[in-house]
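Please open the model in your viewer and keep the sequence panel beside it. The stops below are given in the order in which they can be selected.

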Amino acid sequence: RGKMAAPVSRGSRGPEPGAAPYGNFPNYSRFHPPEGRVSLLPQGLLSSLFPAATRPLLGLDVGCNSGELSVALYQHLLGLQDSNSSPEPPEAGKELKLLCCDIDPELIRRAQQSSPFPASISFASLDIMDPGAREPFLSSYLESFGRSSFDIGFCMSVTMWIHLNHGDRGLLEFLALLASLCTFLLVEPQPWRCYRAAARRLRRLGRHDFEHFRSLRINGDMAQSITRILTQECAMELVCSFGSTSWDRSLLLFKSTSARAEGSD
């Protein structure tokens, strides 16, 4: 889930477990089900973040894989999963347009085919770390709404793949990019043990190690490191930590502290 260059060929025997150097696992949601994340997010979150919003809210989900978590986030944020039990869903007055991107075109194709909300959730194949592809694409999307930034961004278990493939500098650039694009940002960083596990998987498959793995100076407590980078270098503040998933990943919500003309009105 993340960047960068073409995904590995999967060959005729089907995908090797772990043979996904960008986190583009073909069955990701089976071993990290979306419910594990969305259940940590409070009902009515959009109303509390954007109490006065009258126009559609714009969301950006980076590294969306095959879209299961994107759809679950959309349903949860709009209260749609409970609409059978309550006549008025809690977020009925809110409209959310969600742009979801991933480097792997095959995963995006699957997401597009299975999306239950094609009018509200757009899926696109995009290398977020390639400025030549990213900038015209995101600018065009935002301009279609007369906007220059997203209201909320989602970065769910993506930071490690950016970090392993692009090094410390790449992680800093990625976080600065998201902070510049989004008023609010929900981040689920992978802990350091996941880095070691990813490197072990590649070695077991007889593949080259991640180019940057042994030279990363940003390491250890990654939730703490990413919080420090966003708050000290990217003009964001930590609004809330929604606790940890059953696989020990924190859900951290940040807010831009830079003045934005659009604000949340």
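Begin by selecting helix α5, residues 105–114, in this predicted model, and colour L107, I108 and A111, which are buried. If you turn the view until you look down the axis of α5, the buried residues fall within an arc of 100 degrees, so they line one face of the helix. Next, show β2 (96–102) and β3 (121–125), since these are the strands against which the buried residues of α5 pack. Before leaving this helix, go to its start, where a side-chain oxygen of D104 comes to within 2.9 Å of the backbone nitrogen of E106.

Now move to helix α4, residues 68–77. Here 8 of the 10 residues are buried, so α4 is largely enclosed by the rest of the structure. The residues to select are L69, S70, V71, A72, L73, Y74, H76 and L77, and what covers them includes α2 (35–38) and α3 (45–49) together with the strands β1, β2, β3 and β4. Following α4 is G79, whose phi is positive, near 70 degrees. On the other side, in the loop between β1 (57–62) and α4, you will find G63, which counts as buried at 1% relative accessibility. From G63, draw a distance to F154: the two residues are 91 apart along the chain, and their C-alpha atoms are separated by 8.8 Å.

Stay with Y74 for the aromatic rings, of which the structure holds 7 pairs. Y74 and F117 form a tilted pair, with 4.9 Å from centre to centre and 45 degrees between the planes. Because Y74 lies in α4 and F117 in the loop between α5 and β3, this pair ties together parts that are 43 residues apart in sequence. Which of these two partners is buried and which is partly exposed? Y74 counts as buried, at 6% relative accessibility, whereas F117 is partly exposed, with a relative accessible area of 21%.

For a pair with another geometry, select W192 and F213: the ring centres are 6.0 Å apart and the planes stand at 20 degrees, so this pair is stacked. W192 belongs to helix α8 (residues 192–204) and F213 to the loop between α8 and α9, so the parts tied together here are 21 residues apart in sequence. W192 counts as buried at 15% relative accessibility, and F213 counts as buried at 11%. Then add Y141, F145 and F150, which ring pairs link into a cluster.

F150 leads on to the hydrophobic interior, so to speak, of the tour: the largest nonpolar core has 46 residues, of which L60, I128, F150, L164, F174 and L230 touch the most other members. The largest share of this core, 11 residues, comes from α7, and the core draws at least three residues from each of domain 1 (54–79 + 92–155) and domain 2 (157–258). Centre the view on L230 and, leaving aside its neighbours within four places in sequence, show its contacts, which are L175, A179, L185, V187, A235, M236 and F254. A second, separate core of 31 residues can be selected afterwards, and it includes C64, L77, A111 and I152.

Two backbone positions deserve a stop of their own. A235, one of the contacts of L230, is placed in the loop between α9 (222–233) and β6 (236–244), and its phi is near 55 degrees, a positive value in a residue other than glycine. S157, in the loop between β4 (150–156) and α7 (159–181), likewise has a positive phi near 55 degrees without being glycine. Are these two residues buried or partly exposed? S157 counts as buried, at 0% relative accessibility, while A235 counts as partly exposed, at 35%.

To finish, zoom out to the whole chain, whose secondary structure comes to 9 helices and 7 strands. Of its 265 residues, 54% count as buried. Among contacts between residues at least 6 apart in sequence, 74% join residues at least 24 apart.

Notes. Residues are numbered from 1 along each chain as its sequence is written. This is a predicted model: local features need pLDDT of at least 70, side-chain atom pairs count only at pLDDT 80 or more; totals for chains, interfaces and linings use all residues. Side-chain values use heavy atoms; hydrogens and water are left out. Buried means under 20% relative accessible area, exposed over 50%, partly exposed in between (1.4 Å probe, protein chains only). Helices (H or I, at least four residues) and strands (E, at least two) are DSSP runs, numbered from the N terminus. The arc is that of the directions from the helix axis to the C-beta atoms. Contact means heavy atoms within 4.5 Å. A polar contact is a pair of N or O atoms within 3.5 Å; within protein, one must be able to donate a hydrogen and the other to accept it, and residues adjacent in sequence count only if both atoms are side-chain atoms. A nonpolar core is a set of buried Ala, Val, Leu, Ile, Met, Phe, Trp, Tyr and Cys residues joined through side-chain atoms within 4.5 Å. Domain bounds come from an automatic or database domain assignment. Rings of Phe, Tyr and Trp (its six-membered ring) pair if their centres lie within 6.5 Å; planes under 30 degrees apart count as stacked, over 60 as edge-to-face and the rest as tilted.
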